[in-house]
Amino acid sequence: MSEFTEIGKILAVLVAEQDSYTYVDKIGYAPSRDLAIFYLKEAIRDFHSLLRRGEFENKSAKKEAEKINYNRVEYEIRKMSNISDRKELREKLSLIAALALTISARLKGEV
């Protein structure tokens, strides 16, 4: 399991449900930790909005959303906020983006 699995799952659900790669791209290419966390906050806000509406078109995405461990999400955000090395940050953000794309492909039935 990746150290940022739950964040990847949130992004994957958004990709599968909205058919938009916006948050994955923003987070994957964020030039700073602060900007990455800002984009993550936006993604989580949209994710919560999606959950409140409860109107999922993709049943697999809904099941994945229901399994998100929010305590783990909080831990992962704190862990990201402690990264000070720019190279390490790029590596972790790329990992999150790749994970999100992989999970979203499964949720969309593409693999």
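This text leads the reader through helix 1, the salt bridges around it and a few residues beyond it. The structure is a predicted model, and every value below was computed from it.

A convenient starting point is helix 1, which covers residues 5-18. Helix 1 has 14 residues, and the distance from its first C-alpha to its last is 20 Å. That span is close to the 20 Å expected at 1.5 Å a residue. Is this helix mostly covered or mostly exposed? Helix 1 is mostly covered, since 13 of its 14 residues are buried.

Within this helix, the residue K9 deserves particular attention. K9 has a relative accessibility of 17%. Because a residue counts as buried when its relative accessible area is under 20%, K9 belongs to the buried class. Which residues does K9 contact, once its neighbours within four places in sequence are left aside? They are E64, I68 and I103.

K9 also takes part in salt bridges. One of them joins its side chain to that of E6, with an N to O distance of 3.1 Å. Both residues of this pair belong to helix 1, where they stand three residues apart, or about one turn of the helix. E6 is buried, as is K9.

A second salt bridge pairs K9 with E64, and here the closest N and O atoms are 3.9 Å apart. E64 belongs to helix 4 (residues 59-66) whereas K9 belongs to helix 1, so this pair ties together parts that are 55 residues apart in sequence. As with the previous pair, both partners, E64 and K9, are buried. These contacts form part of a wider arrangement: a network of salt bridges links E6, K9, E64 and R106.

How many salt bridges are there by the rule used here? The count comes to nine. Another of these salt bridges is formed by the side chains of D34 and R33, at 4.0 Å from N to O. What is the surface exposure of these two residues? D34 is exposed, as its relative accessible area is 56%. R33, at 29% relative accessibility, counts as partly exposed.

The chain may now be followed past the end of helix 1. Just after this helix comes D19, with a positive phi of about 50°. Most residues other than glycine have a negative phi. The phi of D19 is therefore worth noting, as it is a positive value in a residue other than glycine. Where does D19 lie? Its place is in the loop between helix 1 and helix 2 (22-28). With a relative accessibility of 53%, D19 counts as exposed.

The last residue to consider is R72, which is found in helix 5 (residues 70-81). Its relative accessible area is 25%, and R72 is therefore partly exposed. Although R72 and I7 are 65 residues apart along the chain, their C-alpha atoms are separated by 8.7 Å. Which residues does R72 touch, not counting those up to four places away in sequence? R72 touches S2, E3 and E6. The last of these, E6, is the residue described above as the salt-bridge partner of K9, and with it the account returns to helix 1.

Technical notes
Residues numbered from 1 in each chain as written. Predicted model: local features only at pLDDT ≥ 70, side-chain atom pairs only at ≥ 80, totals over all residues. Heavy atoms only, no water. Helix = DSSP H or I, 4+ residues; strand = E, 2+ residues; numbered from the N terminus. Buried < 20%, exposed > 50% of the residue type's maximum accessible area, 1.4 Å probe, protein only. Expected span 1.5 Å × (residues − 1). Contact = heavy atoms within 4.5 Å.
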